[in-house]
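Got the model open in your viewer? Here's a quick tour, stop by stop, with a selection to make at each one.

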Amino acid sequence: MQKLIVVILFLGLLITGVLGTETRMLFFWPGCLLLGIAGLMATARWRLRVSFPPSDVCLLSVVAFALYIVARACLSPVGYYAREDVFIVCAALVTYLLTATAASHPGARMGLVYVLLALTVGNLAVGLIHFSGRWDFHVVPGFFRAFEAGRIGGFYNNPNHLAAFLSMVMFLCAGWMLFGRVGPALRLVLGFVILTVATGTALTVSRGALIGVAAGASFFGIVALWLVWKTQRHLFKWMLIAGVVLLGLATAVLMKVNEDALRRRMAGEHAVSDIREHIWSSALTQHAESPLVGEGARMFYSGSVQYRDVALAGWTGDALFAHNEYLQMLADYGWVGLVLLALLVIAHVRNGLRFVGWFARVKFWRTGELADVTLALAVGSLAAVVATAVHAVVEFQWHIPAVAVTGAVLLGMLANPGFDSDAPRVRMPGVRVGMKLLGAAAALALLLGAVFWGTADYHVGKAAVLAKQKDQAGALEHLLRAGDIDPMNGSILYQRGLLELDSWRPDKSEAERKRIIQAALADLQRSCELNGFSHLTYLALADTLDAAGRHDDALKAIQQALRLAPLHEEPRLTLGKHYHNLRDFEKAEAAYLWAANANAKNGEGVMNWRSLYVQMLKDTAFLASRTRGQK
């Protein structure tokens with residue numbers, strides 16, 4: 001049964017690595033289902049055979065962090081925002097627990113590496129499709145990659161997230177090549193794989209990933225040289241020379257592959273004027289509202305709008321993520337969340353380094369060999385964690401399920417790197433039982449979430465496809481099903497309300513028009529109750545209230561939207577339309593001109609102040625001509 005658990009874990013990682021590559025949950029649910037099954041089977045087994053004892057300190061740090069994240073998410077203002085963080089944490093927790101226990105045997109650990117290598121090959125293959133000119137290619141039929149052309153993404157929509165995944169796999173391969181029990185031929189193959197992965201990382205044109213790779217490579221080199229110095233000092237000089245040569249060659253290859261792309265990015269987006277500094281300013285402003293525990297899970301979705309930096313260019317879209325995992329943690333979970341995250345990382349890095357030191361001082365002198373799978377994966381995992389931790393300063397890759405579960409594999413390896421049973425360790429009563437219970441709860445949540453909310457998300461995705469195909473009736477039917485399954489999801493109600501409004505036609509009977517308005521009104525009001533932080537929902541509600549003749553209530557909804565998005569053009573336009581429809585042209589003109597000075601402009605192809613202002617002038621001219629004609 002334990003082997004079956006490990007196989008299902010492998011399948012869950014594989015499916016998540018292929019589909020769970022975006023911030024939305026839609027394609028993540030199949031991976032949740034498999035990981036949930038593996039976790040529940042492990043709970044039913046309860047006592048698993050472990051090759052080495054895991055660190056209780058590491059387990060405690062994970063339990064504390066996971067409990068806090070879930071508890072804070074449950075108390076967050078917007079439940080369906082928080083759900084996204086909860087399921088990523090649950091998936092990572094189950095993956096971590098099974099890596100540290102059921103998959104603790106060196107053979108199972110290498111199985112995890114093979115799964116990650118298979119995902120790497122798949123990502124690079126899809127990257128070649130992108131590089132051939134099909135930049136919008138997506139592995140799921142009917143869906144398209146939305147990121148800009150010129151940067152490969154593999155299974156990922158965002159190339160920065162592909163780079164984060166590749167950098168972690170690259171260091172695992174480096175540890176395997178240098179310290180694994182492999183022959184010369186396999187070392188050459190692994191060297192080629194590392195070079196290929198590095199080239200793929202370069203083709204993502206992710207500057208943050210390259211900085212992370214540099215940090216990880218430096219850390220890897222220091223640990224490797226220290227090991228050689230402590231165990232086989234006569235080889236130290238040659239290792240140092242080989243390391244310098246390889247580093248120089250790798251740097252030259254990466255710079256050459258990335259030269260043109262980096263030059264274009266630097267020319268168009270100079271490091272000094274990088275928009276991230278303005279996004280970080282918004283995150284810090286939101287953090288100041290609740291420094292200790294943050295505003296709540298994923299609340300930077302609204303914080304990036306409400307606290308938008310006035311210095312940010314008007315054409316720049318809303319960030320939604322802080323592009324810095326540590327500032328995102330501060331904004332969403334406060335100092336408590338950031339401290340617990342730091343303790344988790346420190347505990348695992350410390351345990352990994354402790355293992356490396358123990359191996360050099362104790363195990364090497366027993367065996368006389370440095371070639372060992374546990375050592376190879378420990379050194380590779382350490383460097384990979386350092387690389388992704390540095391990359392996280394400028395990116396939000398840990399909010400991507402595929403990257404998060406890969407990181408959980410690394411942490412699981414560091415929590416149980418391969419200490420012998422007689423090695424000194426700290427025992428903490430109750431930690432292992434607590435970890436098993438928490439893992440069981442996480443697995444059950446993954447399973448139930450995939451069955452219920454996954455089904456609802458399927459209908460939402462199907463509705464989006466049908467809406468693009470102009471099948472409004474079919475799309476509305478799927479959204480009705482989704483709403484029945486997931487009535488607490490305000491996003492579903494918002495989308496349903498918009499579709500209902502789109503079905504309104506002047507040629508329909510008065511009774512049908514009233515029914516449509518009332519249905520949309522009910523959905524949008526409920527959506528605002530479930531999420532009082534979305535200015536777009538309030539604007540849609542305002543339009544519907546105006547259509548229903550409730551103009552005072554419509555004005556209140558617009559004023560709420562203005563508070564939530566004080567720098568945006570859209571609420572000011574809606575205010576202008578409100579007065580425009582009431583034929584209060586003086587106030588409408590003032591609102592349209594105010595919209596013209598908005599710091600955050602509507603994008604191309606979207607209604608803007610100029611088009612509405614021109615329409616108002618035409619309407620006033622028409623009304624004036626009618627008045628003169630009547631006279």
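Before the first selection, one definition for the angles on this tour: helix axes are lines fitted to C-alpha atoms over the stretch in contact, and angles run from 0 to 180 degrees between N-to-C directions. Also keep in mind that this is a predicted model.

**Stop 1: a helix pair**

Select residues 551-564 and 569-581, which are helix α21 and helix α22. Their axes sit 9 Å apart and pack at an angle of about 165°. How are α21 and α22 oriented to each other? Angles over 145 degrees count as roughly antiparallel, and therefore α21 and α22 get that label, roughly antiparallel. The crossing of α21 past α22 is left-handed. To see the contact, show side chains for H551, A554, L555, I558, A561 and L562 on α21, then P571, R572, T574, L575, H578 and Y579 on α22. Colour that set by class and you get 8 nonpolar, 3 polar and 1 charged residues.

**Stop 2: zoom out**

Now show the whole chain as a cartoon. You'll find 24 helices and 0 strands. The C-alpha trace spans about 110 × 55 × 45 Å along its principal axes. For a chain of 631 residues, a compact globule would have a radius of gyration near 25 Å, and the 27 Å of this chain agrees with that.

Next, colour by pLDDT. The chain mean is 89, with 94% of residues at 70 or more. Which element has the lowest mean pLDDT? That's helix α9, residues 236-268, with a mean of 64, while α14 has the highest, at 96.

**Stop 3: α14 and its partners**

Stay with α14 and select residues 401-415, adding helix α1 at residues 2-19. The axes of α1 and α14 come within 8 Å and cross at roughly 145°. Pick L13, T16 and G17 in α1, and across from them P401, A402, V405 and V409 in α14. The class count for this contact is 5 nonpolar, 2 polar and no charged residues.

Then swap α1 for helix α12, residues 325-367. The axes of α12 and α14 are 8 Å apart, and the packing angle is about 50°, so the two helices are oblique to each other. α12 goes past α14 in a left-handed crossing. Here the residues to show are L344, H348, N351 and G352 from α12, together with L411, L414 and A415 from α14. By class, that makes 4 nonpolar, 3 polar and no charged residues.

Conventions
Residues are numbered from 1 along each chain as its sequence is written. This is a predicted model: local features need pLDDT of at least 70, side-chain atom pairs count only at pLDDT 80 or more; totals for chains, interfaces and linings use all residues. Side-chain values use heavy atoms; hydrogens and water are left out. Helices (H or I, at least four residues) and strands (E, at least two) are DSSP runs, numbered from the N terminus. Contact means heavy atoms within 4.5 Å. Ala, Val, Leu, Ile, Met, Phe, Trp, Tyr, Cys and Pro count as nonpolar, Asp, Glu, Lys and Arg as charged, and the others, Gly among them, as polar. Angles under 35 degrees count as roughly parallel, over 145 as roughly antiparallel, 65 to 115 as roughly perpendicular and the rest as oblique. A crossing is left-handed if the near helix is turned anticlockwise from the far one by less than a right angle, and right-handed if clockwise. pLDDT is the predictor's confidence in each residue, from 0 to 100. The radius of gyration is taken over C-alpha atoms; the globule rule is 2.2 Å times the number of residues to the power 0.38.
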